[in-house]
Amino acid sequence: MSKPAGRLAGKTAIITGGARAMGGATSQLFADEGAEVVIADVLADEGAALAASIGSTAMFQKLDVSNEDNWQAVGDAAMSRFGKVDILVNNAGILIFKSILDTTLEEYERVLRVNLVGCFLGMRTIAPHMIAAGKGAIVNISSIDGMKGANSLAAYASSKWGVRGISKVAALEFGHKGIRVNSVHPGGINTPMGNPGGVPIEEVNKLYTQVPMQRVGHPEEVARASLFLASDDASYINGAELIVDGGWQAGHYYLGYPGAPGV
Ligand code: NAD
């Protein structure tokens with residue numbers, strides 16, 4: 001019996017920051033679901049290794065998302081190898097923990113440049129290929145920190161609010177050209193960014209008392225949300241925000257009162 005067609009069969013996807021962690025899980029899942037994938041990242045060794053392990057339906061292309069010329073090269077490489085681009089996942093991101101008073105202008109601009117300018121350049125460079133085809137889906141990875149404030153996230157929260165905002169603009173500008181644009185808002189996810197010390201999962205989970213599900217999230221759980229938004233299952237979803245945070249953003253607990261964990 002032949003394998004059933006995947007949810008992305010016949011589609012080509014570019015995934016930024018696609019070499020590891022959340023982006024790596026997305027590259028793998030999209031490939032498993034039948035897509036041709038362009039893994040675009042600054043991490044050449046990891047990206048090339050992942051593409052090789054997926055096989056002939058994957059390629060690696062070096063990309064610094066903050067570099068305009070790199071973006072042009074990614075678009076050209078995807079078109080020359082696969083002939084089209086149906087999906088773009090703007091996932092690459094960086095994080096620094098610093099208060100407003102301690103953040104230098106250089107640090108602030110660096111985070112904005114990668115997280116927000118990278119997303120802008122990606123859409124500006126790749127959307128024309130989708131517009132020419134009259135169809136496409138863009139998934140921009142924001143954060144729950146793009147929906148509220150948090151101490152020490154002066155630059156990061158600014159960038160992720162920006163990603164949420166430009167996703168709405170893109171949904172309006174591209175929607176009538178057949179392209180859907182949605183944002184994904186992960187909570188705490190067990191990746192080098194979310195768990196930089198590589199702390200054992202049982203210990204990490206103990207920090208998640210304010211999260212209804214009482215645990216950290218996994219990269220595959222975010223990848224599955226991006227898969228849904230990128231697939232035709234989301235054919236009428238445009239300009240939406242999909243929160244993937246175990247309920248963290250839903251509110252907060254009055255610990256010790258009825259309905260709280262352990263009461
Ligand atoms: P990560 O640091 O583990 O991986 C980020 C990836 O982006 C890496 O492969 C890295 O090489 C790549 N990257 C960084 N700068 C780049 C650049 N200039 N050009 C191209 N690639 C670049 O982080 P992650 O946790 O997998 O995060 C993925 C996305 O999810 C990010 O946008 C992040 O802000 C967002 N996010 C993460 C969490 C979390 O808790 N981990 C929560 C909310 C949102």
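How do the residues of the lining of the largest pocket divide into nonpolar, polar and charged? I opened my notebook with this question and looked up the classes: 27 are nonpolar, 14 are polar and seven are charged. I note here that the model is a predicted one.

**Entry 1: the largest pocket**

I looked up the volume and found that the largest pocket holds about 1,200 Å³ of space. I then listed the lining, which consists of 48 residues. Nearest the centre of the pocket I found Leu95, Tyr156, Thr191, Met193 and Gly194. I also checked which helices take part: H1, H4 (105–133) and H5 each give at least two residues to this lining. The largest share comes from H1, with three residues.

**Entry 2: the ligand and its shell**

I asked next what occupies the largest pocket, and I recorded that its space is taken by the ligand. Around the ligand I found 28 residues. Those that come nearest are Arg20, Asp41, Asn91, Tyr156 and Thr191. Tyr156 and Thr191 were already in my notes, as they are among the residues nearest the centre of the pocket.

I sorted the shell around the ligand by class and obtained 15 nonpolar, nine polar and four charged residues. Two helices, H1 (21–32) and H5 (154–175), each supply at least two residues of this shell.

**Entry 3: polar atoms beside the ligand**

I looked up distances from oxygen atoms of the ligand. For Arg20, an N or O atom of the side chain lies 2.8 Å from a ligand oxygen. For Asn91, the partner is a polar backbone atom, at 2.7 Å from an oxygen of the ligand. For Ile189, a backbone N or O atom is 2.9 Å from a ligand oxygen. I then looked up how much of the ligand is covered: on its own it has 820 Å² of accessible area, and the protein covers 94% of this.

**Entry 4: the cavity**

How many cavities of 30 Å³ or more does the structure hold? I found one. The largest cavity contains about 30 Å³ of space. I wrote down its lining as Thr16, Val65, Asn90, Asn91, Ala92, Val114, Asn115, Gly118 and Cys119. Asn91 thus appears twice in my notes, since this residue lines the cavity and also comes among the nearest to the ligand.

Which helix gives the most to the lining of the largest cavity? I recorded H4, with four residues. By class, I counted four nonpolar and five polar residues in this lining, and no charged ones.

Methods
Residues are numbered from 1 along each chain as its sequence is written. This is a predicted model: local features need pLDDT of at least 70, side-chain atom pairs count only at pLDDT 80 or more; totals for chains, interfaces and linings use all residues. Side-chain values use heavy atoms; hydrogens and water are left out. A residue is near a molecule or strand if one of its heavy atoms lies within 4 Å of it. A polar contact is a pair of N or O atoms within 3.5 Å; within protein, one must be able to donate a hydrogen and the other to accept it, and residues adjacent in sequence count only if both atoms are side-chain atoms. Accessible areas come from the Shrake-Rupley method with a 1.4 Å probe; for residues, only the protein chains shown count as cover. On a 1 Å grid over the protein atoms alone, a cavity is a set of points where a 1.4 Å probe fits but cannot get out, and a pocket is an open set with protein on both sides within 12 Å along at least five of seven lines; lining residues have an atom within 4 Å of a point. A molecule sits in a cavity or pocket if more than half of its atoms lie within 2 Å of its grid points. Ala, Val, Leu, Ile, Met, Phe, Trp, Tyr, Cys and Pro count as nonpolar, Asp, Glu, Lys and Arg as charged, and the others, Gly among them, as polar. Grid points are joined across faces, edges and corners, and a volume is the space filled by probe spheres set on the points.
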